[in-house]
Amino acid sequence: MKTQTLGVSDLQVSRIAYGCMQIGGKWDRSPITPDIQRDAIKAVRTALDEGINFFDHADIYTRGKSEEVFSAIWSEVPNLRGKIILQSKVGIRFGGEPDPHDVTRYDFSTSHILSTVESSLKRLKTEYLDVLLLHRPDTLMEPEEVARAFDELHQSGKVRWFGVSNETAPQMELLSHYIRQPIVTNQVEFNVLHTHLLDEGVNFNQYVNRMARSVGTLEYCRLHNITLQSWGSLANGRVTGRKVEQATKIQTETTALVAELAKAKDVAPEAILIAWILRHPAKIQAIIGTTRPERIKAACPGDGVELSREEWYRLYTVGRGEELP
Ligand SMILES: NC(=O)c1ccc[n+]([C@@H]2O[C@H](COP(=O)([O-])OP(=O)(O)OC[C@H]3O[C@@H](n4cnc5c(N)ncnc54)[C@H](OP(=O)(O)O)[C@@H]3O)[C@@H](O)[C@H]2O)c1
């Protein structure tokens, strides 16, 4: 597995990361069963065997159970902590908590950030996080509050590096103005069916059917050496065989092209999706979230697949569902 440096940090990370969002079972308060625990460790071990050294968490994933089941890896694989990179996130609060009337909301207050990190460290059974991300922009953010929390976490050694997720360039610029630590990563949704990160620059000054503004986020990250991480890298299986009631034309055509390229390169379709992300010169780190060992193994060879400019643009065009301007 190839590696790269994460932003301006000193972390050497695998180009493919493992997303632990689903390893804790259901997103409710049901307990962790022995089966869930066993499958989680099987997935994590498979990722390690494939050369992945980066594990992505969030406090909310399966309501804390993902972090909890992950911690069993310390006794399974001795002396592992210093060899892997652990990232978690903070800032999303579930509806109904703590008060039944509470709606789902975002919270970047100092107290919420600090207490959440404490809980994540306990569940993960570790002394520190390598990276902490702000999960989704909190429009009520007081940047001084974030700065205070980051300083305290950094000075105490509980968090080494900081980043954001789902943020635009101006949001990162605003935060950077207040915090003393560099933003090393921005985690955003990106895959062959979800290309808004690229579309804005490509479609500039055109009338287009579909446009989700990314406000120069790709260019901002490249200019400031902030590594983009892609979530949803496998497009949730939508072009690699997930059974759906009625596939769209884009889905059907993309599935066919992904299969054709996979055959030509003698890899699984999942590897083509990863190769497409890694081919971009922004050096995006691809996060895969499948819990199935066979799909982890199918995706990882993607870091060794070379896609030509022509193959890459064919996939981009079919996934966008329209010709370039
Ligand atoms: N920052 C954010 O806001 C954010 C949001 C979402 C996710 N994330 C992170 O990114 C990681 C990856 O995201 P993701 O899980 O959404 O993306 P993904 O890797 O594109 O999708 C994985 C999901 O798709 C399913 N899948 C894949 N191939 C399939 C197939 N052929 N047939 C049926 N199902 C298939 C997997 O099920 P199986 O497990 O059964 O294979 C799994 O539920 C997460 O684990 C998390 O760490 C971050």
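The following legends describe close-up views of a predicted model of a protein with a bound ligand.

**View 1. The residue shell around the ligand.** The ligand is surrounded by 26 residues. Asp56, Gly289, Thr290, Thr291 and Arg295 are the closest of these. By residue class, the shell comprises 13 polar, eight nonpolar and five charged members.

**View 2. Polar atom pairs between protein and ligand.** The side chain of Asp56 places a polar atom 2.6 Å from an oxygen atom of the ligand. Asp56 is also among the closest residues of the surrounding shell. At Ser165, an N or O atom of the side chain is 2.8 Å from a nitrogen atom of the ligand. Ala235 takes part through its backbone, where a polar atom lies 3.1 Å from an oxygen atom of the ligand. On its own, the ligand has 910 Å² of accessible area, and the protein covers 89% of this.

**View 3. The largest pocket of the model.** The ligand occupies the space of the largest pocket. This pocket has a volume of about 800 Å³, and 32 residues line it. Met21, Gln22, Asn236, Gly289 and Thr290 are the lining residues nearest the centre of the pocket. Two of these names, Gly289 and Thr290, also appear among the residues closest to the ligand. The lining consists of 15 polar, 10 nonpolar and seven charged residues.

**View 4. The cis peptide bond at Pro98.** Glu97 and Pro98 are joined by a cis peptide bond, with omega at about -5°. Pro98 belongs to the loop that runs between β6 (92–93) and β7 (105–106). Most peptide bonds are trans, and for that reason a cis bond merits a view of its own.

**View 5. The backbone at Thr62.** Thr62 has a phi near 40°, which is a positive value in a residue other than glycine. Most residues other than glycine have a negative phi. The loop that contains Thr62 connects β4 (54–56) with α2 (65–70). Asp56, whose side chain supplies a polar atom 2.6 Å from a ligand oxygen, is numbered within the range of β4 (54–56).

Key: Residues are numbered from 1 along each chain as its sequence is written. This is a predicted model: local features need pLDDT of at least 70, side-chain atom pairs count only at pLDDT 80 or more; totals for chains, interfaces and linings use all residues. Side-chain values use heavy atoms; hydrogens and water are left out. A residue is near a molecule or strand if one of its heavy atoms lies within 4 Å of it. A polar contact is a pair of N or O atoms within 3.5 Å; within protein, one must be able to donate a hydrogen and the other to accept it, and residues adjacent in sequence count only if both atoms are side-chain atoms. Accessible areas come from the Shrake-Rupley method with a 1.4 Å probe; for residues, only the protein chains shown count as cover. On a 1 Å grid over the protein atoms alone, a cavity is a set of points where a 1.4 Å probe fits but cannot get out, and a pocket is an open set with protein on both sides within 12 Å along at least five of seven lines; lining residues have an atom within 4 Å of a point. A molecule sits in a cavity or pocket if more than half of its atoms lie within 2 Å of its grid points. Ala, Val, Leu, Ile, Met, Phe, Trp, Tyr, Cys and Pro count as nonpolar, Asp, Glu, Lys and Arg as charged, and the others, Gly among them, as polar. Grid points are joined across faces, edges and corners, and a volume is the space filled by probe spheres set on the points. Helices (H or I, at least four residues) and strands (E, at least two) are DSSP runs, numbered from the N terminus.
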